[in-house]
Amino acid sequence: MRTTRDRIRHAISFEIIGLILITPLGAWTFGMPLHDIGVVAIVGATIATAWNYLFNLMFDRAMLRATGAVAKTLLVRVLHAVLFEVGLLALLMPFIAWQLGISLLDALVMDLGFAGFYLVYAFVFNWAYDVVFPVPGRRAEAAPTRRAA
């Protein structure tokens with residue numbers, strides 16, 4: 001399992017990089033002022049950061065309980081990303097509609113666009129994060145164990 005400190009580093013770095021990418025891209029794509037998309041992106045990132053921490057903790061605990069490990073296969077990574085984005089979509093859609101003064105349907109379309117971006121981004125980021133910061137203990141498992149003489 002990852003430590004609390006590692007989970008916080010993961011969540012914050014994910015959101016900062018995501019904000020840098022999505023704010024100008026969202027303003028351009030939806031033809032809205034950078035400031036308006038920026039507010040949605042920052043509040044969304046704050047909500048997403050809390051959701052990221054909670055979701056990953058719950059997901060890893062469920063994996064540990066079900067399989068005895070937290071190592072993720074390609075299929076599990078895809079499932080992880082999809083479930084994360086569906087939960088976040090439900091949390092963010094009402095806020096987007098209210099903040100931008102748009103209908104829930106327009107907010108849904110916009111949120112789906114953001115979710116599509118973050119679905120791919122989450123997959124790539126999490127895979128890269130696991131390479132750069134491996135799960136603690138994984139290297140130790142590969143090393144031969146010492147036996148008492």
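Trainee: Where does H1 bend, and by how much?
Mentor: In this predicted model, H1 bends by about 30° at isoleucine 22. A proline follows within four residues, namely proline 24.

Trainee: Which residues make up H1, and what span does the helix reach?
Mentor: Helix H1 covers residues 4–30, which is 27 residues. From its first C-alpha to its last it reaches 36 Å, close to the 39 Å expected at 1.5 Å a residue.

Trainee: What comes just after H1?
Mentor: Glycine 31 is found there, and it takes a positive phi of about 60°.

Trainee: Which residues of H1 are buried?
Mentor: Among them are His10, Ala11, Phe14 and Glu15, and also Ile22, the residue named at the bend.

Trainee: What covers them?
Mentor: The cover includes helix H2 (34–67) and helix H4 (104–132).

Trainee: Turning to asparagine 52, which helix is it in?
Mentor: Asparagine 52 lies in helix H2.

Trainee: Is asparagine 52 buried or exposed?
Mentor: Asparagine 52 is buried, because its relative accessible area is 3%, and buried means under 20%.

Trainee: What does asparagine 52 touch?
Mentor: Not counting residues up to four places away in sequence, asparagine 52 touches His10, Ala11, Phe14, Glu15 and Phe84. In addition, a polar contact of 2.3 Å joins its side chain to that of asparagine 56.

Trainee: A different topic: what is the mean pLDDT of the protein?
Mentor: The mean is 87, and 92% of the residues reach 70 or more.

Trainee: Where does pLDDT stay under 50?
Mentor: That applies over residues 140–149, for which the model has zero contacts beyond four places in sequence.

Terms used. Residues numbered from 1 in each chain as written. Predicted model: local features only at pLDDT ≥ 70, side-chain atom pairs only at ≥ 80, totals over all residues. Heavy atoms only, no water. Helix = DSSP H or I, 4+ residues; strand = E, 2+ residues; numbered from the N terminus. Expected span 1.5 Å × (residues − 1). Bend = angle between axes of the 7 residues up to and from the residue. Buried < 20%, exposed > 50% of the residue type's maximum accessible area, 1.4 Å probe, protein only. Contact = heavy atoms within 4.5 Å. pLDDT = per-residue confidence, 0-100. Polar contact = N/O pair within 3.5 Å; in protein donor to acceptor, adjacent residues only side chain to side chain.
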